Amino acid sequence: MNAVLIIAKKELQSYFDSLIAYIMLVLFLGFSGFFTWLYGSDIFMVGQATLQSFFSIAYWTLFFFTPALTMRLLAEEKKTGTIEMLLTKAVSDRQVVLGKFLSALMLVMIALAFTLPYVITLSKLGNIDAGEVICGYGGLVLMSAAYISIGLYASSLTNNQIVAFLLALSIGLFFHIIFDVLASSFTGIPAQVFSTLSLSNHFESMSRGVVDSRDLIYFISIVFMGLFLSELSLTKRNLN
Amino acid sequence: MNIQIENLSKQYGYQKAVDHISFEVRPGEVLGFLGPNGAGKSTTMKMITGYLSIGEGDVRLGGKSVREYGDDLKRHIGYLPENNPLYLDMPVIDYLEFCAALQGVHSSDIGKRVREMVRVCGLNAEKHKKIGELSKGYRQRVGLAQAMIHDPEVLVLDEPTTGLDPNQIVEIRKLIRELGKEKTVVLSTHILPEVEATCDRILIINKGKIVADGSAESLRKQATGQEIIKLRIEDASPDAIMQELRRLQNIDTVELVDKTMNRFEVQSASGKSSRREIFQLCVQKGWVLSELIPIETRLEDIFRNLTTN
């Protein structure tokens with residue numbers, strides 16, 4: 001088995017062993033279920049067979065949950081020193097980063113898989129647009145991947161989990177909302193730059209069912225950037 | 001697979017942790033790495049195992065440079081890091097299986113290797129517990145088991161016997177000796193008798209530089225220019241014996257240690273032995289030489305000499 005998969009499997013296992021996975025699943029499903037079906041601008045209020053309300057609530061819940069998943073990935077290993085044991089095994093720094101990234105992404109995908117009953121329920125209530133649903137889920141996965149890679153980078157910078165969490169959240173906040181706000185308060189080229197950088201713009205167009213190669217490139221480049229920087233800061237290790 | 005270290009250096013800021021050291025370790029050799037805290041032992045080991053990047057110089061394993069083939073070479077190294085970091089929330093068996101898989105042990109052999117390690121390291125009673133529930137000695141055994149799980153050709157052990165009880169220490173030393181017959185072993189320790197018990201060769205390092213290299217015996221020879229002997233001579237007054245001893249050519253100093261028992265401590269002139277002269281003196285005078293004990297310089301003294309000042 002490839003080293004990336006071995007590490008991903010072990011990390012996923014430890015999410016479930018340490019109850020993080022169960023807490024995250026319960027909270028995510030609780031929040032998104034409550035706001036999708038029961039409260040606020042829920043599906044019955046909108047009165048259309050669309051998962052828009054779920055996508056917009058998941059956009060926020062995942063934003064808060066991914067830093068909680070990624071904060072321990074590297075920071076804990078650095079704190080306990082196990083990183084030395086891990087990196088002197090027959091694995092490269094890149095494989096460690098990819099394995100950890102994959103484990104968090106798999107957990108998010110498991111959480112999203114539990115919301116598939118929403119789709120089934122809704123398809124019984126009316127005609128849903130399959131393309132829109134697939135794009136929406138794809139957008140959520142891509143967004144989570146972007147935030148996981150940012151979180152992983154934050155976790156690689158420190159050996160304190162709380163610092164990693166807050167750092168990931170504050171970097172994420174720029175993409176999530178601040179760039180969007182800046183875009184609307186500027187004009188001309190700065191406005192264009194900020195609106196390109198804003199994650200919400202890209203996510204919105206995907207969740208409406210529009211697949212644009214620019215959106216895909218945007219998400220994938222954030223992921224690459226995050227993973228690249230994580231690997232870089234892992235390689236620059238020093239004796240503690 | 002041999003280890004060749006060529007002009008290895010590493011610098012942290014202004015401080016040189018390792019300063020141009022070179023040595024070689026061959027298969028079938030156990031090298032003991034000694035030095036005071038902060039001498040650069042761990043840094044050197046971390047560079048051999050590929051955890052830290054090499055500052056200057058090179059480390060070669062089986063002729064291949066760690067700089068170029070680092071990730072491939074890690075497969076051939078078993079490493080027990082300082083302080084033995086472990087995943088405390090993992091059960092022992094799961095942890096060993098994880099390590100075996102990472103080290104590229106074929107999936108059909110993993111079970112066999114894990115059972116073998118559990119047996120060799122005496123983990124049978126504790127194998128289903130989480131590592132966090134184990135005592136320090138058992139954790140140390142888990143650390144050793146993970147280092148040896150893939151049957152590596154090179155073993156690098158940073159203080160392998162800390163936290164073990166005396167029985168376990170004897171067992172682990174025996175195990176290291178056994179492994180050292182075929183493999184290349186480098187171990188660091190603060191316990192000097194341990195080096196004598198397990199190592200073929202001793203390397204003492206101080207402030208990043210090698211200050212001594214050789215077997216325990218050859219280090220002793222280097223360190224003791226002068227032979228020291230404890231004597232007990234009967235049938236004469238201590239003063240008379242002192243006087244006669246002082247006349248002997250090869251004797252440098254004589255000291256009366258115990259008046260009532262007629263015990264003396266004699267230091268020979270450098271490079272010479274006075275044992276025969278003493279014996280003949282006693283025969284000539286008709287004294288009884290009831291004790292003659294050569295004093296070996298202790299490794300502790302050699303170590304202290306080389307690493308202070």
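Let's start with B:Cys99, which is buried, at 0% relative accessibility. This is a predicted model, by the way, so keep that in mind throughout. B:Cys99 is in no disulfide: the nearest cysteine sulfur belongs to B:Cys121, and that is 12 Å away. What about B:Cys199? Its closest cysteine sulfur is again in B:Cys121, at 18 Å, and that's too far for a bond. B:Cys199 is buried as well, with 11% relative accessibility. Over all chains, the count of disulfides comes to zero.

Now, B:Cys99 sits among the buried residues of helix 3 of chain B, so let's look at that helix. How much of helix 3 is buried? Nine of its eleven residues are, so the helix is largely enclosed by the rest of the structure. Along with B:Cys99, the buried set includes B:Val92, B:Ile93, B:Tyr95, B:Leu96 and B:Phe98. And what do they pack against? On the chain B side, helix 4 (107-120) and helix 5 (136-148); from chain A, helix 1 (3-17) and helix 5 (82-87). Just after helix 3 of chain B comes B:Gly104, with a positive phi, near 80 degrees.

That brings us to the interface. Chain B puts 23 residues into the contact, and chain A puts in 21. Together the two chains bury about 2300 Å², with 63% of that on carbon and sulfur atoms. Three residues to find on your screen are B:Tyr51, B:Tyr87 and B:Leu102: they supply 32% of the area that chain B buries against chain A, more than any other three residues.

How many salt bridges are there between chain B and chain A? One. It's formed by the side chains of B:Lys46 and A:Glu84, at 3.2 Å from N to O. Polar contacts across this interface come to seven residue pairs. Looking at chain B's side of it, the elements that give two or more residues are helix 1 (41-48) and helix 3 (92-102). Helix 3 of chain B gives the most, with five residues. By class, chain B's side has 14 nonpolar residues, five polar ones and four charged ones.

Let's go back inside chain B for a moment, to helix 5, which is where B:Leu144 sits. B:Leu144 is buried, at 2% relative accessibility. Setting aside residues up to four places away in sequence, B:Leu144 touches B:Leu80, B:Cys121, B:Leu157, B:Pro160 and B:Ile172. So we meet B:Cys121 again, the one whose sulfur is 18 Å from that of B:Cys199.

Over in chain A, have a look at A:Thr66, in helix 4 (residues 52-80). Is A:Thr66 buried or exposed? Buried, with just 1% relative accessibility. A polar atom of its side chain lies 2.9 Å from the backbone oxygen of A:Leu62. Leaving out its neighbours within four places in sequence, A:Thr66 is in contact with A:Val108, A:Ser144, A:Tyr147 and A:Ile148.

Last topic: charges. Side chains of opposite charge can pair when their charged atoms come close. The structure holds 26 salt bridges over all chains. One of them joins B:Arg60 and B:Glu6, with the closest N and O atoms 3.3 Å apart. This pair links distant parts of the chain, with B:Arg60 in strand 4 (residues 56-61) and B:Glu6 in strand 1 (residues 3-12), 54 residues apart. B:Arg60 is partly exposed, at 26%, and B:Glu6 is partly exposed too, at 30%.

Then there's B:Lys285 with B:Glu244, at 3.5 Å between the closest N and O atoms. B:Lys285 is in helix 10 of chain B and B:Glu244 is in helix 9, so this pair ties together parts that are 41 residues apart in sequence. B:Lys285 is partly exposed, at 38%, whereas B:Glu244 is buried, at 15%. Chain A has a salt-bridge network, too: A:Lys10, A:Glu11, A:Arg72, A:Glu76, A:Glu77 and A:Lys100 are joined by salt bridges that share partners.

Staying with helix 9 of chain B (residues 238-247), B:Glu244 has buried company there: B:Pro238, B:Ile241, B:Met242 and B:Leu245. What covers them includes helix 10 (275-285) of chain B, along with strand 11 (228-234), strand 12 (251-258) and strand 13 (263-268).

Methods. Residues numbered from 1 in each chain as written. Chains lettered and ligands numbered in written order. Predicted model: local features only at pLDDT ≥ 70, side-chain atom pairs only at ≥ 80, totals over all residues. Heavy atoms only, no water. Disulfide = S-S within 2.5 Å. Buried < 20%, exposed > 50% of the residue type's maximum accessible area, 1.4 Å probe, protein only. Helix = DSSP H or I, 4+ residues; strand = E, 2+ residues; numbered from the N terminus. Contact = heavy atoms within 4.5 Å. Buried area = accessible area lost by both parts, 1.4 Å probe. Salt bridge = Lys/Arg side-chain N within 4 Å of Asp/Glu carboxyl O. Polar contact = N/O pair within 3.5 Å; in protein donor to acceptor, adjacent residues only side chain to side chain. Nonpolar A, V, L, I, M, F, W, Y, C, P; charged D, E, K, R; others polar.
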